[in-house]
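Here is a briefing on a single protein chain. Look over the sequence and the coordinates, then use the points that follow as a guide.

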Amino acid sequence: MGFAVTRTSRSLVAPSSPTTPAGETLPLSSLDRVPGLRHLVLSLHVFDGAAADRKGSPARVVREALGNALVDYYPFAGRFVETEGGEVRVACTGEGAWFVEATAACGLEEVRHLDHPMAIPKEELLPEPAPDVSPLDMPLMMQVTEFSCGGFVVGLISVHTIADGLGAGQFINAVADYARGLPKPRVSPVWARDLVPDPPRMPAPPPKLELLDLRGHTVDFSPDYIANTKADFFASTGQRCSAFDVCVAKTWQSRTRALLLSGAGSFTADSPVHVCFFANTRHLMLAGAGAGFYGNCFYPVTVTCGSGEVAAGEVVDVVRAVRDAKARLAGDVARWAVGGFAQDPYELRFTYDSLFVSDWTRLGFLEADYGWGAPTHVVPFSYHPFMAVAVIGAPPAPKVGPRVMTMCVEEAHLPEFRDQMNAFASAAGK
């Protein structure tokens, strides 16, 4: 059964009042300009509207709030341009963000609040690109789809070049602040891209992008099992770990076991495997000026071990490897900032032996309230055909615990990977 979505309005939303510096072209930081970040980030944010008795059209409220937020965050209303030397910058044109209004001929209950698998294709709930503008030149596009139950879905498309996950979450919360009637955002934005270190870099060819035929799998991990694993780690090491550490460790271990047991070509117990995640470094790079900064400010933390070591060990052993890599963060950032690495750590390896993990639980999206309550569900789409990815998020409320959404194994390795992940999830209830 299909559920019709009808787009009723498409327009640019400009800042609601003149911005400063109108017409200026802003340079980006060394991290903003990392070539791999010039891509679109897609997500859906589901609001059931039950937490408030607010009247009016959510689409109209969000549209007006967006115009107000673009005064503070004026680069989002501009366009990406390239200099003659090929450097990407933001032209503060004030043209605005692309905004689409839509309606759905059903209630959110009928589509299970967009739980997996989704009953409505994501393409229906994300904004169609603006005419005559490349999506990669427009920092932000938004669609608000109103459902017959009074709930709504905000579909977001942004370009990673202008903001990392924390920065995008900060901006969306500014829109939400205005939507609730606040006179200004609770967090004042800071551009300050010049504060990000810009160490010398050796010229390097573009990364080799080999297209992978990946399959998806989604698992909800029980809070009880996460708590038990954290307790085991503390008993073993005397140190604490996070739910993130456990999710990374078990997903990496499950994938590695699947590759070994399913026979991934020349993959053996001696083959190295890698997991990479991205750590917020505002406290390390911005010299105390991190509050309000919304640009890219992260460091890729990579863990490398033998595949046999990852596959055969206990989960707490893999957690220890993840924690050890995180402990090196401050030293690695300081070394990178002065050009101390022969190979740039931001030049990533997009090969099948590498798993990339993204955490969407602490970016602020789950707290954004436009006046109808916080979202009951946030659905990220952080997948690319050249990289094996796992995204840590949350299932729709009232379910609790982390949800791990993966696109990280090929068809031949999916059954074993699914069994490994499901065994971890089902063990939680015992």
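## Briefing

Proline 117 sits in the loop that links strand E6 (97–104) to helix H2 (122–125). The peptide bond leading into this proline from histidine 116 is cis, with omega near -5 degrees. The model is predicted. Its protein chain holds 10 helices and 15 strands.

**Backbone features in loops**

- A cis peptide bond also joins alanine 397 and proline 398, with omega about 10 degrees.
- Proline 398 belongs to the loop between strand E14 (388–393) and strand E15 (403–410).
- Arginine 112 lies in the loop between E6 and H2, the loop that also holds proline 117.
- The phi of arginine 112 is near 55 degrees, a positive value in a residue other than glycine.
- Arginine 112 is partly exposed, because its relative accessible area of 38% falls between the 20% and 50% limits.
- Alanine 192 is not a glycine either, yet its phi is positive, at about 40 degrees.
- Alanine 192 is placed in the loop between helix H3 (165–179) and strand E9 (214–220).

**Overall dimensions and burial**

- The protein chain has a radius of gyration of 22 Å. That agrees with a compact globule of 430 residues, for which a value near 22 Å would be expected.
- Along the principal axes, the C-alpha atoms fill a box of roughly 60 × 55 × 40 Å.
- Of the 430 residues, 54% count as buried.
- The accessible surface comes to about 18400 Å². Carbon and sulfur atoms account for 54% of that surface.
- Take the contacts with a separation of 6 or more: 78% of them are between residues 24 or more positions apart.

**Six-stranded sheet**

- Six strands make an open sheet with mixed pairing, in the order E1-E6-E7-E8-E3-E13.
- Strand E1 (5–13) and strand E13 (377–381) stand at the edges. Each has a single partner strand, so one side of each is left without a neighbour in the sheet.
- From one strand to the next, the twist averages 15 degrees.
- E6 and strand E7 (residues 140–147) run parallel and are paired over seven bridges.
- Within this pair, alanine 104 stands opposite phenylalanine 147 in E7.
- Helix H1 (residues 58–72) packs on the sheet and touches E1, E6, E7 and strand E8 (152–159). The direction of H1 makes about 170 degrees with that of E6.

**Three-stranded sheet**

- Three strands make an open, antiparallel sheet in the order E2-E5-E4.
- Strand E2 (25–27) and strand E4 (79–82) are the edge strands, and each pairs on one side only.
- The twist here averages 40 degrees from one strand to the next.
- Three bridges join E2 to strand E5 (residues 88–91) in the antiparallel sense. Threonine 25 has alanine 91 in E5 as its bridge partner.
- E4 and E5 are also antiparallel, with four bridges between them. Here phenylalanine 80 has valine 90 in E5 as its bridge partner.
- The hairpin of E4 and E5 has five residues between the strands. In this hairpin, glycine 86 takes a positive phi near 90 degrees.

**Nonpolar cores**

- In soluble globular proteins, nonpolar side chains tend to be buried together.
- The largest nonpolar core here has 60 residues. Which of its members touch the most others? They are Phe221, Trp252, Met285 and Val357.
- Helix H5 (residues 243–261) supplies the largest share of this core, with eight residues.
- Another core, of 57 residues, lies apart from it. Its members include Val13, Ala97, Val175 and Cys276.
- What does tryptophan 252 touch, not counting residues up to four places away in sequence? The list is Val273, His274, Val275, Val303, Cys305, Val310, Val318 and Leu355.

Terms used. Residues numbered from 1 in each chain as written. Predicted model: local features only at pLDDT ≥ 70, side-chain atom pairs only at ≥ 80, totals over all residues. Heavy atoms only, no water. Core = buried A, V, L, I, M, F, W, Y, C linked by side-chain atoms within 4.5 Å. Buried < 20%, exposed > 50% of the residue type's maximum accessible area, 1.4 Å probe, protein only. Helix = DSSP H or I, 4+ residues; strand = E, 2+ residues; numbered from the N terminus. Contact = heavy atoms within 4.5 Å. Pairing = 2+ DSSP bridges. Axes fitted to C-alpha atoms, helices over the stretch in contact; angles between N-to-C directions. Rg over C-alpha atoms; globule rule 2.2 N^0.38 Å. Areas by Shrake-Rupley, 256 points an atom, 1.4 Å probe, with all protein chains shown as cover.
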